[in-house]
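Reader: Hi! I am new to looking at protein models, and I would love a close look at one part of this one. Could you take your time and then show me how that part fits with the rest?

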Amino acid sequence: MHVRGEPLTIDQLEVPTPRPTDVLVEVKACGIVPNLGNVLNKFVDWFPHLSLPPLPAIFGLDPAGVVVDKGSQVHGIEIGQRVYVNPGRYCGGCRYCRIGETTSCKYFAFNGYFGFSPEAKVMFEDYPYGGLAEYMTAPQYSLVTLPDNVSFETAARWGYMGTGFRALKQADVAPSDVVLINGISGTLGLGTALFALALGARKVLGTGRDAQLLERVRAIAPGRIEVHAADSDVSVADWTRSLTNGEGADVVIDTLGPGTPQEAWLAAFHGLRRGGRHVNVGAVAGDIPIHMHEVMDNDKSLIGSVWFTTADGQEMADLAEAGMVDLSVFEHEVFKLDEINTALNVLKNRNGGFSNYVLVP
Ligand SMILES: [Zn+2]
């Protein structure tokens, strides 16, 4: 990107040399996520407290590929290794990085996407190569090694799936749990549902707007997944209680997209049982009226969660390798580098979370 608001262009650059603790990855697939168009053109106005890569910039959030070169201090990763590159960048030296809470780092940024504070800008200087390219450098700490049964196209979906996976872990999802996913047929919601099944959730309940998509989600695990259409006369909370002996869900994961009305967020929150855990990874914005005395009286937890660690990503790869999560539901829509502007324009036609838009350079 040279000028914000104008089409992306293809530029020829030198293939970068990795620094001592970095690797060079030949990109085989990079996710084109639904929010990318917003990040490219709208975030500068919507969220001035965030930081964006300085222009000209190479964007691209979710890359997967092969390690083709490595720095002199990289020992545990071999040339030829298939990897997903977790784009989460952090300083490594602050108190939170040193105790392993890397998403709490004040420099936390998404390589090729945006940073979560003004300070995060320095990460774009260290790592200027986003995933919409043939090659990129990446720190060794960011690499998730991929088993042979996970394709590069599927790995390019790791970011959205990882966000849901970490939300499930934040909620301590266990085999006896009923998990309600608000927005289950979307890009974030569907991946969350797949990993809720993998983690053994007894039942996965989901809401959505599109009846056909909801039926497809339900058919992934009939009897274990139940769905609720947004235009139903029955409230989400009453529907959830009708399936849980009047109690409500043990866990609610909110995955609603940007611009969704706050009422839709609250509708699922009210389906939480006494003692339940609510984790928000969706993009509903603004102040939401919550009766905090009721939250306290009923021992409910309300948690915000952002992204996931490389360790979480590796656990997901291990679950996939062992056959404990079925990732075959995705329909890969593949674009070449010179089709990136077309891809951004047709993204809105996606088949809910089932479509997986990827760039294969
Ligand atoms: Zn740090």
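My question is about Phe-165 and Phe-195: are they buried or exposed?

Author: Happy to help! Please keep in mind that this is a predicted model. Phe-165 is buried, and Phe-195 is buried too.

Let us stay with these two rings for a moment. Phe-165 and Phe-195 form an aromatic pair, with their ring centres 5.3 Å apart. The planes of the two rings meet at 65°, and the pair is edge-to-face. Planes over 60 degrees apart are counted that way, so the 65° of this pair puts it in that group. Now find the two residues along the chain. Phe-165 sits in helix 6, residues 158-170, while Phe-195 sits in helix 7, residues 187-198, so the pair ties together parts that are 30 residues apart in sequence.

This pair has company, as the structure holds 18 aromatic pairs. Another of them is made by Trp-307 and Phe-308, whose ring centres are 5.0 Å apart. Here the planes are 40° apart, and the pair is described as tilted. Trp-307 and Phe-308 are both buried. They also belong to one aromatic cluster, which includes Phe-43, Trp-46, Phe-47 and Tyr-84. Further members of that cluster are Phe-108, Phe-110, Tyr-113, Phe-114 and Phe-116.

From the rings, let us go to the metal site. The zinc ion has four protein donors, the SG atoms of Cys-91, Cys-94, Cys-97 and Cys-105. These atoms lie 2.3 to 2.4 Å from the zinc ion. If you read along the sequence, the donor residues follow the spacing C-x2-C-x2-C-x7-C. The angles between the four donor atoms run from 104 to 116°, and therefore the arrangement is tetrahedral. For comparison, the ideal angle for four tetrahedral donors is 109.5 degrees. Two of the donor residues can also be placed by how much of them is accessible. Cys-97 has a relative accessible area of 9%, so Cys-97 is buried. Cys-105 has a relative accessible area of 5%, so Cys-105 is buried as well. The cut-off behind both statements is that buried means under 20%.

Next, look at the spaces in the model. A search of the whole structure turns up one cavity of 30 Å³ or more. The largest cavity contains about 90 Å³ of space. Its lining has 14 residues, and Ile-32, Val-33, Arg-157, Thr-187 and Asn-356 are those nearest its centre. Strand 15, residues 355-359, gives the most to the lining of the largest cavity, with three residues. By type, the lining of this cavity consists of seven nonpolar, four polar and three charged residues.

There are pockets to look at too. The second largest pocket has a volume of about 580 Å³. It is lined by 22 residues, with Asp-11, Leu-13, Ile-58, Leu-132 and Ala-133 lying nearest its centre. The lining of the second largest pocket divides into 16 nonpolar, three polar and three charged residues.

Finally, a few loops are worth a visit. The loop between helix 2 (43-46) and strand 2 (62-70) holds Pro-56. The peptide bond from Leu-55 to Pro-56 is cis, with omega near -5°. In the loop between helix 6 and strand 8 (178-182) you will find Asp-172. Asp-172 is not a glycine, yet its phi is positive, at about 50°. With a relative accessible area of 57%, Asp-172 is exposed. Asp-299 also has a positive phi, near 60°, although Asp-299 is a residue other than glycine. You can find Asp-299 in the loop between helix 11 (292-297) and strand 13 (301-304), and with a relative accessible area of 56% Asp-299 is exposed.

Two glycines round off the tour. Gly-323 is in the loop between helix 12 (310-321) and strand 14 (331-335), and a relative accessible area of 58% makes Gly-323 exposed. The C-alpha atoms of Gly-323 and Asn-149 are 9.0 Å apart, while 174 residues separate the two along the chain. Gly-246 lies in the loop between helix 9 (236-242) and strand 11 (249-254). At 46% relative accessibility, Gly-246 is partly exposed. From C-alpha to C-alpha, Gly-246 and Arg-273 are 8.9 Å apart in space, and in sequence they are 27 residues apart.

Technical notes
Residues are numbered from 1 along each chain as its sequence is written. This is a predicted model: local features need pLDDT of at least 70, side-chain atom pairs count only at pLDDT 80 or more; totals for chains, interfaces and linings use all residues. Side-chain values use heavy atoms; hydrogens and water are left out. On a 1 Å grid over the protein atoms alone, a cavity is a set of points where a 1.4 Å probe fits but cannot get out, and a pocket is an open set with protein on both sides within 12 Å along at least five of seven lines; lining residues have an atom within 4 Å of a point. Grid points are joined across faces, edges and corners, and a volume is the space filled by probe spheres set on the points. Ala, Val, Leu, Ile, Met, Phe, Trp, Tyr, Cys and Pro count as nonpolar, Asp, Glu, Lys and Arg as charged, and the others, Gly among them, as polar. Donors are N, O and S atoms within 2.8 Å of the metal (3.2 Å for Na, K and Ca); water is not among the atoms, so sites may look incomplete. Four donors count as tetrahedral if all angles lie between 85 and 135 degrees; four count as square planar and six as octahedral if opposite donors are over 155 degrees apart and all others between 65 and 115; anything else is irregular. Buried means under 20% relative accessible area, exposed over 50%, partly exposed in between (1.4 Å probe, protein chains only). Helices (H or I, at least four residues) and strands (E, at least two) are DSSP runs, numbered from the N terminus. Rings of Phe, Tyr and Trp (its six-membered ring) pair if their centres lie within 6.5 Å; planes under 30 degrees apart count as stacked, over 60 as edge-to-face and the rest as tilted.
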